[in-house]
Each structure stands twice: as structure tokens, then as C-alpha cells.
Amino acid sequence: MNEQELAALPVVDGFRQRGVDMTRIEAFTDAAFAFSLTMLVISFDELPGSFDELWLALKNIPAFAASFAMLSTFWYAHHKWSRRFGLDDFGTALFSLLFVFVMLIYIYPLRIVFSGFFAWITQQRLPYVFGELNPYDLINIFIIYGVGFVAMSCILALLYRHALSRRQVLSLDESEAFTTRSEMEAWTIMAGIGMLTVLWALLMPSRVAVWAASLYGLLAIVMPIFGTVKSRQFEALMARK
């Protein structure tokens, strides 16, 4: 891109938005996410025939809401990447299609994960889709969730790595390259913590393995520290310019 084209781009949070025009791969990804979200909507073979049946159906809302929020978080991350870079090459198509592939496989396991989680923390006052919940089911649920979380996070990290490899083509300035590298590192950390939960669930005795999900609490500690360190490095970078 030439200087005139770069100067005309909108800027969001200090990053020039090269993806103002939606690409076909982004449109496809958005459509796939929309389809996935509709698959999560509460549905019935038939309308509830009584208030008790309606109340039982409404108890699925927390699991649906958590699943919706998780998928929306990953969708927004891909959307932000697309707006920043606007790439439409082979690497972008490959990673985006892989992203959609994992997501479509992950829809129902994700719902099962949160159904089991809410059943566990409410002592099964909220329903579990597989009926009776036992510790071994719970461990397997956390493994399934962790594998999907790791896969989605790794793909986002790879997308940022791909964008960084196209730095010259995209005409990324020093601050944009720093932000791109930081995003790649952040998603790698997310994937690492997800992998830690999987290994915990796989390797620990069952009485300890059931607490694997608590390791996601590390994100509330690690990510703010990471953000603070990167903010200081960014300020130092700007001060040297």
C-alpha cells in the first residue's frame, strides 16, 4: 500500500484498518458463526405443553448464554483481525476455514460442557443433557472444552503470525507490528493455559482432576500482568520514536 492509501484508512486504537471492505472469506466466516449461534438457540421437538415443561426448558438458558458468549468472543477476535489486516490470501483462507471447521465441530460439545458445569455448581438444580453427572463425565467434559479452547486460540495466534509475516505487504509501522506480535503472544498464552487444564484433567487423580476448570482462573492473573508489561513496552517504543 502506498502512503496516500494508508493515510486514507480509518484508525481504531492506533491501528489502521486495512479491512474496511469485507472479503469473501470474512463473509463466509461470519455466516458460519451466525449458523453456529442459531444451532445453540434453545429448541424443542415440540412446544412445551405445561408450565413445568417450560420451566425445565428455561433452565437451559445459563448453558446457552455461556456457550453464546464463548463463541461470540472468538467471532469478535476474528472480526478484529479481519478489520486490521484485510488479508485475502491463501494463508488467511486456510486458517479461517480451519477456524470455522473447529467451531462447527465444537458447537454441541461446548453446550454439553457448560451444561455439565452449571449442573455441577448448582448440584444438578440445572439440567445436564446426559442425565446423571459423575466425576468421570466432568473430567471428560473439561478435556473436551480444553481441546477446543486450545485449537481456537492457536488458530488466532497463527492468524496474527501470518499477518506479521506479511508486514511489508501490509506496510505495518513499528507500533502496528508491535501490537500484532503482542496479540499473537496473548493468544499463545491463552492456548497454553487451555493446554494446562487438559493435562491437569488427564494426568491428575480423579479427586483432583475435577478441579481442572479452576485453572482458567489463571487468565484473570496472567493476562492483566501481560497487558501491563506490553503497555509499558509500547510506551517505551513510542518514546524512542
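**Charges.** I started with the charged side chains of this predicted model. I counted 18 positive and 20 negative side chains in the chain. I then took the centre of each set; the two centres lie 9 Å apart.

**Surface and extent.** Next I looked up the exposed area. The chain exposes about 13,200 Å². Carbon and sulfur atoms supply 66% of that area. I boxed the C-alpha atoms along the principal axes and got roughly 65 × 40 × 30 Å. The chain has 241 residues, and buried ones make up 44% of them.

**Elements.** I listed 10 helices and two strands. From the N terminus, the order reads α-β-β-α-α-α-α-α-α-α-α-α. I also checked contacts between residues at least 6 apart in sequence. Of these, 75% join residues at least 24 apart.

**Helix α2.** I picked residues 24–40 for a length check. Helix α2 has 17 residues, and at 1.5 Å a residue they should span 24 Å. I find its end C-alpha atoms 25 Å apart, which agrees.

Which residues of α2 are buried? My list holds Ile25, Glu26, Thr29, Asp30, Ala32, Phe33, Ser36, Leu37 and Leu40. They cover an arc of only 160° around the axis, so they sit on the same side of α2. The spacing fits a general rule: an α-helix has 3.6 residues a turn, so residues three or four places apart point the same way. What do the buried residues of α2 pack against? I find α4 (61–85) and α5 (90–121) there.

**Helix α5, Leu110.** I moved on to α5, where Leu110 lies. Buried or exposed? Leu110 has 0% relative accessibility, so I count this residue as buried. I left aside its neighbours within four places in sequence. The contacts of Leu110 are then Ser67, Met70, Leu71 and Tyr145. I also took one distance, from Leu110 to Leu156. The two are 46 residues apart in sequence and 18 Å apart in space, C-alpha to C-alpha.

**Helix α5, Ser115.** Ser115 lies in α5 too. I read 2% relative accessibility for Ser115; the cut-off for buried is under 20%, so Ser115 counts as buried. Which residues is Ser115 in contact with, leaving aside neighbours within four places in sequence? I noted Ala63, Pro127, Tyr128 and Val129.

Conventions
Residues numbered from 1 in each chain as written. Predicted model: local features only at pLDDT ≥ 70, side-chain atom pairs only at ≥ 80, totals over all residues. Heavy atoms only, no water. Helix = DSSP H or I, 4+ residues; strand = E, 2+ residues; numbered from the N terminus. Expected span 1.5 Å × (residues − 1). Buried < 20%, exposed > 50% of the residue type's maximum accessible area, 1.4 Å probe, protein only. Arc of directions from axis to C-beta. Contact = heavy atoms within 4.5 Å. Areas by Shrake-Rupley, 256 points an atom, 1.4 Å probe, with all protein chains shown as cover. Lys, Arg positive; Asp, Glu negative; His and termini not counted. Charge placed at Lys NZ, Arg CZ, Asp CG, Glu CD.
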